[in-house]
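Reader: I should like a close look at a single part of this model, followed by its surroundings. Please take the strand pairing as the point of departure.

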Amino acid sequence: MIENIKRNHVVWMFDWCKSRFGTSKFNNMFEVKVSRTDKSKYGCYLDDLDIIQVNLNAHKSLIELCDTVIHEYTHYLQNMYMYDMYFLKHNKSYNSHPYEISADNKAKKYRKELRAEFKKAFAKDLAS
């Protein structure tokens, strides 16, 4: 199924996040960039450029993609100045960083809901 995913599908997922979680008080709305080149990194939020990058080839399943979209959208919602402060002042690693834990928890909580709504919206697109 992942091989049938296109940019418009990923944009739809981010629109779902916007309607489900609202917009950020801290960051500008972002541009979605989708690639199939990087297999090592699922996605990233570049707050200084207002971009969320999603690498489709890193994902093995739709649920993984839903996880990434929600995770990165959560970073967009967060105060990224404070994100950096945790690294600098509190010596937090990536895995112990409160913002990463929060993004992972939100993704786990909502990924099945996003996947179900996505499958309903794009059943015909993904059947081929």
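Which residue in β3 is the bridge partner of Val 34?

Author: The model is a predicted one, and the description below should be read accordingly. The bridge partner of Val 34 is Val 54, in β3. This bridge concerns β1 (31-35) and β3 (residues 51-55), two strands that pair in the parallel sense over five bridges.

The two strands belong to an open sheet of three strands, with mixed pairing and the order β1-β3-β2. Its edge strands are β1 and β2 (43-46), each of which pairs on one side only. From one strand to the next, the twist averages 15 degrees.

Two helices are to be placed against this sheet. Helix α1 (7-21) lies across β1 and β3 and runs at about 140 degrees to β1. Helix α2 (residues 62-77) packs on the sheet as well, where α2 touches β2 and β3. The direction of α2 makes about 15 degrees with that of β2.

The aromatic side chains add a further layer to the picture. The structure holds twelve aromatic pairs. One of them joins Phe 30 and Tyr 76: the ring centres are 5.0 Å apart and the planes stand at 70 degrees, over the 60 degrees required, so the pair is edge-to-face. Phe 30 lies in the loop between α1 and β1, while Tyr 76 belongs to helix α2. With these positions 46 residues apart, the pair links distant parts of the chain. Both Phe 30 and Tyr 76 are buried.

A second pair is formed by Tyr 83 and Tyr 99, whose ring centres are 5.7 Å apart; their planes are at 55 degrees, so this pair is tilted. Here too distant parts of the chain are linked, since Tyr 83 is in helix α3 (residues 80-90) and Tyr 99 in helix α4 (residues 98-121), 16 residues apart. Tyr 83 is buried, as is Tyr 99.

Phe 30 and Tyr 76 are also members of one aromatic cluster, which they form with Phe 14, Trp 16, Phe 21, Tyr 45, Tyr 73 and Tyr 110. At Phe 21 a charge comes into the picture: the charged end of Lys 106 sits over the ring of Phe 21, 4.6 Å from its centre.

To return to the point of departure, the bridge between Val 34 and Val 54 is part of the parallel pairing of β1 and β3, and α1 lies across these two strands.

Technical notes. Residues are numbered from 1 along each chain as its sequence is written. This is a predicted model: local features need pLDDT of at least 70, side-chain atom pairs count only at pLDDT 80 or more; totals for chains, interfaces and linings use all residues. Side-chain values use heavy atoms; hydrogens and water are left out. Rings of Phe, Tyr and Trp (its six-membered ring) pair if their centres lie within 6.5 Å; planes under 30 degrees apart count as stacked, over 60 as edge-to-face and the rest as tilted. Helices (H or I, at least four residues) and strands (E, at least two) are DSSP runs, numbered from the N terminus. Buried means under 20% relative accessible area, exposed over 50%, partly exposed in between (1.4 Å probe, protein chains only). A charge sits over a ring if NZ of Lys or CZ of Arg is within 6 Å of the ring centre and within 35 degrees of the ring normal. Two strands pair if DSSP finds at least two bridges between them. Axes are lines fitted to C-alpha atoms, for helices over the stretch in contact, and angles run from 0 to 180 degrees between N-to-C directions. Contact means heavy atoms within 4.5 Å.
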